[in-house]
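Hi,

Here is the model I said I'd pass on. Have a look at it first, and then read my notes underneath.

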Amino acid sequence: MGFLFDRNTWQEIFGSIGKNKTRTIITMIGVLWGIFVYIGLSGAAQGMDNGFEKVFKTVSMNSMFVWGQSTSKPYDGFKTGRQMQLKLDNVTELQNRIPEIQYIAPRITLGNFGSDPVYTVRGQKSGTYTINGDYPVYTKIATKKIFDGGRFINDEDIDQARKVCVIGERNLKELFEKDENPVGQYIRIGSVYFQVIGVHKMVQGVSFDNDSDIFIPFSTYRKLYNSGENIGYMCIAAYDDVDVVQVEKDVKSILRGIHRVDPEDERAFGSFNLGEMFGRISGFAKGLTFVSLIVGIATILAGVIGIGNILLISVKERTKELGIRRALGATPTEVKSQIILESVFLTVLSGIIGIILGAGVLSIINNMTKDIDFPYTNPTVPIPYVLGALAIMVILGTLIGLIPAQRAVSIKPIDALREE
Amino acid sequence: MIEIKDLHKSYKMGSNSLHVLKGINFTVKEGELVAIMGSSGSGKSTLLNILGMLDVADSGEYKLDGVPIKDLNETKAAKYRNKFLGFVFQSFNLINYKTALENVALPLYYQRIPRKERQEKALKYLEMVGLKEWSHHLPNELSGGQNQRVAVARAMASEPKVILADELTGALDSTTSYEVMELVQEINDQGNTILVVTHEDDIAHMCKRIVYLKDGVIIKDEKVKQVRASEYV
Ligand SMILES: Nc1ncnc2c1ncn2[C@@H]1O[C@H](COP(=O)(O)OP(=O)(O)O)[C@@H](O)[C@H]1O
Ligand SMILES: [Mg+2]
């Protein structure tokens, strides 16, 4: 391997590949283009992947919702069309019976799903908003960014059924003066005064709530609206390594059992599965990565084969020169390693240029998409990918170089010398 | 220095076989300057190529400086060529994208001699053939005679035991031929063993011994009074 660091080895290589510069450059463009396509495509795919990742960051990916609807089959003496009402103890039961569940947050809502929003007043200003009765655990499933100085509902709020609320940015704008600090202030929701404890930030991407939703402690809601054990719907997050689709099935089947519904009745409980949707989208991004890998590798391969071909021609042209070298004492190994080194050198050099160009284009794209609302973030190709690509170049360069190298020494030196 | 016994060589072409060397016996001692004479097609080059380990004989013995040369694989042959032999060809066989200096240094590169030393040595031999000032010129910037001198310098550079020259004046006009032969004689005067293949009588007589080859055998092997090439120049 020492010969790799010998300046003369390189002089020999530059000498021979520099002999026909145009051809060398045209050859290199093949591989260069291949790695450029590979870097460009996989960077773009990575960018999409990152983009989706960002969009979904605010919610637990492996999560689902379940709510009550009405039965579509008669069962156990009940008629069809019976309205299903989820109860608080369903939550405990689900939690106990399905170990795959990480978090489960019951919610109850006014202003959604057909019910009227609530008239809310502060001083001269007012609006009608959706009111949610929530537990602190809700933020484990859907991240809530609270502006500095505020907080989300906590366990004490629940225990003492405090009249506190977390408002959205739009509530803030509509109910408060500009630059006014809402935390600690009171607003009237319906007929009851609530103290504002925080303002939640509107997030880009997927969110279950919008910027005008008001959160109050579940227990307070229950007292106020006399909802008893009733809940509106449940948000459930499964552990990361769990198949949330299965959890969704289990949840519904347990609920059917509790509420004495026909096990076949698919309509009694409605549900929505975020994991599945996310899986589909990220599957798309992964598919894109895979396709770019295939396309890139195919292009690189074509380029490398081009290099092999050119070297084969060049070896043929240089038959005499190689004969001279062998007459002067170059061993077959030395002749072969020179040609393989030429191949590897050309491959890797084109590869590096391709990587640089690809990275350049990616960074331009990144700058252009930075400020637009498109799920595309940080379109970089991970370093291991780049190193992997280079390693592949070295390997391919060596393999393809073997052919002309073998060709070069397959002819006897005396015959090589006779060649004109 | 060179000992060959009953050397045979035939070329096979399809079903035909051309028997070119039909039992060659001769020895060359250190410091000799031998001409191998013969008409075209008499097998001179074939013999020289075998001596140069560029080709192998079908049968017979060959010893170079006491080392039996047989069953060589290409790697071993390359090493022996590099260590023991220097070649000068009719068509110079310089590498056209390398300067005179680089061409002369090439056999030293294959001897793994460090770069600096290599260049010093190459320059020394270029100086010896009178081309020090031309060391950075490419072969196409030099005349035929100059190119052959570079080739001689290259053959000398690895300090071989024997220098083998095949029609080294074949591509040169007579004045230039004599200049190159003068160089060869000088090198021989310093004690180098040299074999020169030629079909030209005057060139042969500038050697100290002439071996006549005809139809694959040696028909005459005689010592001659050396004609100094300098007399012609
Ligand atoms: N590689 C070869 N294949 C077949 N025949 C050859 C080959 N080399 C030389 N010959 C034949 O062998 C004979 C001797 O050739 P050569 O040694 O080159 O003669 P010289 O150098 O004396 O002119 C010639 O008839 C030539 O045609
Ligand atoms: Mg000949």
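**The ligand site**

Let me start with A:Arg418, where a polar side-chain atom lies 2.9 Å from a nitrogen atom of ligand 1. Bear in mind as you read that this is a predicted model.

Chain B reaches the ligand through its backbone too. A backbone N or O atom of B:Gly41 lies 2.8 Å from an oxygen atom of ligand 1, and for B:Lys44 a backbone N or O atom is 2.9 Å from an oxygen atom of the ligand. On its own, ligand 1 has 550 Å² of accessible area, and the protein covers 68% of that.

So where does the ligand sit? Ligand 1 lies between chains A and B. It is surrounded by 13 residues, with A:Arg418, B:Gly41, B:Lys44, B:Ser45 and B:Thr46 being the closest. Sorted by class, that shell has 7 polar, 4 nonpolar and 2 charged residues.

As for which elements contribute, strand S1 (2-13), strand S2 (16-28) and helix H1 (44-51) of chain B each give at least two residues to the shell. H1(B) has the largest share, with 3 residues.

**The interface between the chains**

Now for the contact between the two proteins. On the chain B side 25 residues are in contact with chain A, and they meet 26 residues there. Together the chains bury about 2,400 Å², of which 55% is on carbon and sulfur atoms. Within chain B, the residues that lose the most area to chain A are B:Tyr97, B:Tyr110 and B:Arg115; together they make up 28% of what that side buries.

How many salt bridges link chain B and chain A? The count is 3. A salt bridge joins the side chains of A:Lys412 and B:Asp55, at 3.5 Å from N to O. For polar contacts, the count between the chains is 7 residue pairs, both residues being at pLDDT 80 or more.

Three helices of chain B are worth colouring when you open the model: H2 (74-84), H3 (100-110) and H4 (115-128) each supply at least two residues of the side that touches chain A. H2(B) provides the largest share of that side, 6 residues. Classed by residue type, the side of chain B that touches chain A comes to 11 nonpolar, 9 charged and 5 polar residues.

Over to you, and thanks for taking a look.

Cheers

Definitions and conventions:
Residues are numbered from 1 along each chain as its sequence is written. Chains are lettered from A and ligands numbered from 1 in the order in which they are written. This is a predicted model: local features need pLDDT of at least 70, side-chain atom pairs count only at pLDDT 80 or more; totals for chains, interfaces and linings use all residues. Side-chain values use heavy atoms; hydrogens and water are left out. Contact means heavy atoms within 4.5 Å. Buried area is the accessible area (1.4 Å probe) that two parts lose on being put together, summed over both. A salt bridge is a side-chain nitrogen of Lys or Arg within 4 Å of a carboxyl oxygen of Asp or Glu. A polar contact is a pair of N or O atoms within 3.5 Å; within protein, one must be able to donate a hydrogen and the other to accept it, and residues adjacent in sequence count only if both atoms are side-chain atoms. Helices (H or I, at least four residues) and strands (E, at least two) are DSSP runs, numbered from the N terminus. Ala, Val, Leu, Ile, Met, Phe, Trp, Tyr, Cys and Pro count as nonpolar, Asp, Glu, Lys and Arg as charged, and the others, Gly among them, as polar. A residue is near a molecule or strand if one of its heavy atoms lies within 4 Å of it. Accessible areas come from the Shrake-Rupley method with a 1.4 Å probe; for residues, only the protein chains shown count as cover.
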